[in-house]
Each structure stands twice: as C-alpha cells, then as structure tokens.
Amino acid sequence: MKKKIFSGVQPTGNLHLGNYLGAIKNFVDLNNDAQNKCIFCVVDLHAITVSQNPKDLKSNTHETVATFIASGIDPKKSIIFKQSQVSAHSETAWILSCVARMGWLNRMTQFKEKAGKDKEKASIGLYSYPVLMAADILLYDSTHVPVGDDQKQHLELCRNIAQKFNNDYKIENFFIAPEPLIKKEFSRIMSLKDGLKKMSKSEVSDLSRVNLTDDKDQIINKIKKAKTDTLPLPSAIEELEKRPEAKNLIGIYSSLMNNTLQESIDEFAGKNFSEFKEKLSDIVVNEINPISSEIKKLLDDKVFLEKILKEGYEKANEIASKKIKKIHEIVGF
Ligand code: AQP
C-alpha cells in the first residue's frame, strides 16, 4: 500500500542533531522510497504559540526549507510548504477543537513542560497546539507520521480526535487515524550538557546541542565539552541506564553509524571518553558538514526557496481545499 506521509518542523531556528536524527533523517529515507507520497510542512502557525520575532520567523522559515533540501528531501518528489499559507489548517483546527475534549488536552505533557510553572500566562495556542497538529495530519489523509519520541502523545490524541469526529458525525473512515513512525532506538536525543533533558532549540546554552548550521570546529568543540562521567565506556547495555550522558553519546554514534547499541558498546567497551569523542566528532562532522555547507548555499538563493514554497503551497492547497469542503458539508455549514 502507498503510504501517505506527513510531518512538520517549526521554523524556530537552531535546528539541531535531535531534529535531524529524530525526524529529518527519516523524512529523507521516506522521500527516497517511490512507494510513498510525502508532505513536509514548515509549521509556522505552531511556532507562534510562543512569542516570535517576525523578522526571525521569516528567515527561520527559509532556513527550515533549506535544511530539508540540504538534508536530501527532493522537492520534486515531496511537497514542501508553509503551514500558514494553506488556510484550511487554521479552519480545520477550529472545527477539531470543538471535537477534542479538555480532559484529553489536560494530559499533554509537552504543554506542561513548555508552559512551566506559570500556566496562566501560557498562550491558548500553546495549549491547543496538538489540535492544530491533528488538523495538519488529518487534512491530507496521512497514513504515517514520522516524528521524534516526544510527539508520541500528540499523535495518540490525533487518532482519538479522528475517531471521535467520525463517530460524532457518523461517517466511517472520513478521517484516517494515522500511525506514528517513531524509531525504536535513538528517537530522543538528549542535551549534550544534561543526559536527562531533551536536546532542544530553545535551550539557552548553545553548547547543549549540535546545530545543523555548525561548522567543523564548532562541532568538535561541543563534543569535546559534552558532559560525561568519570568511568570508562560501559561493556554492557544495562550499565547505560544509570549513565544518561554515556547513553546519549553512544546513541548518537550508533544512529549515525546505523549500528545497534550493542555493536557500539562492543567497539568501545572499557575505552576512555576522549578516544570515543574523537571518533564521534569525526562522524558527526562527516554527516553534518555537507548539510551545513549546503544550507548556507541555499540561503543565498531566496528566490529558489520561495519558488519551492510557492509550488508546495499550490499542491498542498489543492488537497486541503477538497478536504475542508467535505468537512463543511459533514458539519452542516
Ligand atoms: N531531542 C530530540 N530528539 C529526537 N527528536 C526530536 N525532535 C525535536 N527534538 C528532538 C523532533 O524534531 C521534529 C521537529 O521538532 P519541532 O521543530 O516541531 O519542535 P520541537 O519538538 O519542539 O523541537 P525542540 O528542539 O524541542 O524545540 P523547542 O526547544 O522549541 O521545544 C519533531 O518530530 C520532534 O519530535
């Protein structure tokens, strides 16, 4: 069966190795399989759920498109577009927010993490973010959604919303409940400074992440300074559970080498971190350097990037307009 793939990335700057290994690298593999129809969205409506500088949002949108293409997504094979251009996303999100239940949203851990202690001051958009995400996915009858592990709960909510809409309006299989595509291993890359915290764009310390725009020296420096413990590298997987920083670095290595954790452990068991970090730097540089050079080149050609977005908009809008028309009929508008 042909898979219909949909996923999005927020244009909030600092795209990093976690975004790449957890999501974008998978996008590329899916894009390369002729069986799949892929749609990759720059989700700028999601980005404004926290305050954004309008100028930065625009340049980060270009950077996200450039990152997709530099990583290997072919705009001739996949649709790349900007969420805010296709108005059906906002409209469907509203309709679905009348289907989704408060109790469901109250359980979302990402809101709790992002809103922090002062929930009263968080935007309503940040709270209802997963409903917009459901709209994004359901508008395109997506069958599979490649995301990092942190988005698993939002996808489950999307499936619940799809089923409730179909039940409420007594229309079987109108919305397709999508399957998550989450890698079994290495689907959550952690901060280089704290093995218990997700690598994140908004983390203040730039040393906590490898950005996809970092050059060779920056990457080497960040890996050199990455937090470790004082023991040699472990010789058994079970040891990793108590050593989050070692687990993260070995995970990154394994993911880039397409190794299992066991294979990487066998390679480095008993060695010290400085030797391992040298090897790790080499492979991160090998993977990221060509991408960062290509991003820089593409960013010099804004006309090309705008052309990709315009073509993507036309294709996405055609699909989404048909679906929203049917939604109107079902709802009784
Ligand atoms: N650390 C991570 N490990 C694995 N996957 C990750 N993703 C994000 N961080 C990691 C995956 O990347 C995709 C795009 O993410 P996003 O841009 O939509 O937003 P996010 O998940 O909120 O990313 P950040 O870096 O954590 O941003 P901030 O700091 O703003 O919250 C998603 O598929 C995500 O799972």
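**Close-up views of a predicted model**

**View 1. Helix α14 and its surroundings.** Helix α14 covers residues 302-331, 30 residues in all, and spans 41 Å from its first C-alpha to its last, close to the 44 Å expected at 1.5 Å a residue. The model shown here and in the other views is predicted. Buried positions of α14 include Leu305, Ile308, Leu309 and Gly312. Further along the helix, Ala316, Ala320, Lys323, Ile324 and Ile327 are also buried. In an α-helix, residues three or four places apart point the same way, because there are 3.6 residues a turn. The buried residues of α14 pack against five other helices and one strand: α3 (54-71), α4 (88-97), α7 (124-138), α8 (152-168), α13 (273-299) and β3 (79-82). Gly332, just after α14, has a positive phi of about 100 degrees.

**View 2. The largest nonpolar core.** This core contains 55 residues. Phe68, Ile252, Phe276, Leu280 and Val284 have the most contacts inside it. Its largest share, 11 residues, is contributed by α13. At least three residues of the core come from domain 1 (3-186 + 302-331), and at least three from domain 2 (206-297). With neighbours within four places in sequence left aside, Val284 is in contact with Val210, Ile219, Ile223, Ile252, Leu256 and Asn289. Another core, of 44 residues, lies apart from the largest one; Phe6, Ile79, Leu126 and Ile137 are among its members.

**View 3. The residues around the ligand.** The ligand is surrounded by 21 residues, of which Asp150, Lys198, Ser200, Lys201 and Ser202 come nearest. Two of these have a polar side-chain atom at a listed distance from a ligand oxygen: 2.6 Å for Asp150 and 2.5 Å for Ser202. The side chain of Asn19 also places an N or O atom 3.1 Å from an oxygen atom of the ligand.

**View 4. Gln83 in the loop between β3 and α4.** Gln83 sits in the loop that joins β3 to α4. Gln83 counts as buried because its relative accessible area is 0%, under the 20% limit. A polar atom of the Gln83 side chain lies 2.9 Å from the backbone nitrogen of Leu45. Apart from neighbours within four places in sequence, the contacts of Gln83 include Cys41, Val42, Val43, Asp44, Leu45 and His46. Gln83 is also in contact with His89, Leu132 and Asp136.

Note on methods. Residues numbered from 1 in each chain as written. Predicted model: local features only at pLDDT ≥ 70, side-chain atom pairs only at ≥ 80, totals over all residues. Heavy atoms only, no water. Helix = DSSP H or I, 4+ residues; strand = E, 2+ residues; numbered from the N terminus. Expected span 1.5 Å × (residues − 1). Buried < 20%, exposed > 50% of the residue type's maximum accessible area, 1.4 Å probe, protein only. Contact = heavy atoms within 4.5 Å. Core = buried A, V, L, I, M, F, W, Y, C linked by side-chain atoms within 4.5 Å. Domains from an automatic or database assignment. Near = heavy atom within 4 Å. Polar contact = N/O pair within 3.5 Å; in protein donor to acceptor, adjacent residues only side chain to side chain.
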